[in-house]
Amino acid sequence: MGESSLVVGAGVIGSRVAGMLAERGDRVSVVSRRGSGPAGVAADAADAGAMARLAEGAAVIYNCVNPPYHRWPADWPPIAASVLAAAERSGAVLVTLSNLYGYGPRVPGGYDEAHPITEATPLAATGRKGRVRARVWQDALAAHRAGRVRVAEVRAADFIGPGAQSAMGERIVRHVRQGKNVSVLGRADRPHTWSFTDDVARMLVTAGTDPRAWGRAWHVPSNEPLSQRQVIDDLARAAGVGQVRSGAIPSAVLRGMGLFWPLMRELRETEYQFRDDFVMDSSAAQATFGLKPAPWQEIVAVTVNSSSR
């Protein structure tokens, strides 16, 4: 029997991490508010007492929580503090799933292939969501450096894959499969890095079980950047529907939608990621752990064929 692992969050990534750990022979508990699934435990991740009890005996805690998008500034700090305290008390390694928001925009020109985002890029976000994600890592890293806990952070680009909720997630895939025109954020022709959900989960598991990962952040091994239009074209070919037209949502429309739709209001903060080049370098993780991203055509095929219809 393998080690005991606690996965906090039962979304697309948390569920996949739990599955990979179970395949290794680990004993896995998955914490969510509803406690759904065969290994599910109902608890609030922000409840420090509950998290401390659940973490007892765990070798690794995987924080894969994803609060409602518009509530990140309010919800993330207590969740992160609760899970970090549980890791300190139990002695478990803490691996947190994150994204690229903490870096903030690069002006001018965005993060192009000559100047990609690396793990050494400063966390210089100015928006609310980016600042809170940066603070989560800074607090965890400070605890690690003080010798109180062992931590790592796994940063993914925008998700692609079955069940992904992202700019190239279920909404886009569903429309493409039906041969419908689609609207995207920012500009459809700018290079952008995409992280496959299975590659994200695999990097998380690696970071929890390989001591070389501890004490720093890692980017998920990801394929070469593709524009939103290129991704949509590839999805359409895999779906056998011919060419699908793609157009950008005008900024003025996005602002108007934000007046009554909290999600659209929050997307304005990160619109730069789709307006400019947004390229992530993942060579450090690939070289250190020997991990490679899944082949792009395989990602496209499984996304088209496995996403909910």
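How many aromatic pairs does the structure hold? In this predicted model, the structure holds six of them. One is formed by Y69 and Y101, whose rings meet edge-to-face, with 6.4 Å from centre to centre and 80 degrees between the planes. The two tyrosines come from distant parts of the chain: Y69 sits in the loop between β4 and α3, Y101 in the loop between β5 and β6 (110-111), and 32 residues separate them. Both partners are shielded, Y69 being buried with a relative accessible area of 17% and Y101 being buried with a relative accessible area of 12%. Ring pairs also bring in W72, giving a cluster of Y69, W72 and Y101.

The sheet offers a good place to continue. Seven strands make up an open sheet with parallel pairing, arranged in the order β3-β2-β1-β4-β5-β7-β11. Strands β3 (40-42) and β11 (217-219) stand at the edges; each has a single partner strand, so one side of each is left without a neighbour in the sheet. On average, neighbouring strands of the sheet are turned by 20 degrees against each other, direction ignored. At the β11 edge, β7 (residues 150-155) pairs with β11 in the parallel sense over three bridges, and V154 has W218 of β11 as its bridge partner.

Two helices that pack on this sheet deserve mention. Helix α3 (residues 72-90) touches β4 (60-63), β5 (93-98) and β7, and its direction makes about 170 degrees with that of β4. Helix α6 (residues 197-209) touches β4, β5, β7 and β11, with its direction at about 155 degrees to that of β5.

Helix α1 (residues 12-24) has 13 residues, which at 1.5 Å a residue should span 18 Å; the end C-alpha atoms are 19 Å apart, in agreement with this expectation. Its buried residues are I13, G14, V17, A18, M20 and L21. These residues cover an arc of only 165 degrees around the axis, and therefore lie on the same side of α1. Their cover includes β1 (4-8), β2 (27-32), β4, β5, β8 (158-160) and α6. After α1 comes G25, with a positive phi near 95 degrees.

W218, the bridge partner of V154, also takes part in an aromatic pair. Its ring meets that of F289 edge-to-face, at 4.7 Å from centre to centre and 65 degrees between the planes. Because W218 lies in strand β11 and F289 in helix α11 (residues 283-289), the pair ties together parts that are 71 residues apart in sequence. W218 counts as buried at 2% relative accessibility, and F289 is buried as well, with a relative accessible area of 13%.

Definitions and conventions: Residues are numbered from 1 along each chain as its sequence is written. This is a predicted model: local features need pLDDT of at least 70, side-chain atom pairs count only at pLDDT 80 or more; totals for chains, interfaces and linings use all residues. Side-chain values use heavy atoms; hydrogens and water are left out. Two strands pair if DSSP finds at least two bridges between them. Helices (H or I, at least four residues) and strands (E, at least two) are DSSP runs, numbered from the N terminus. Axes are lines fitted to C-alpha atoms, for helices over the stretch in contact, and angles run from 0 to 180 degrees between N-to-C directions. Contact means heavy atoms within 4.5 Å. The expected span of a helix is 1.5 Å times one less than its number of residues. Buried means under 20% relative accessible area, exposed over 50%, partly exposed in between (1.4 Å probe, protein chains only). The arc is that of the directions from the helix axis to the C-beta atoms. Rings of Phe, Tyr and Trp (its six-membered ring) pair if their centres lie within 6.5 Å; planes under 30 degrees apart count as stacked, over 60 as edge-to-face and the rest as tilted.
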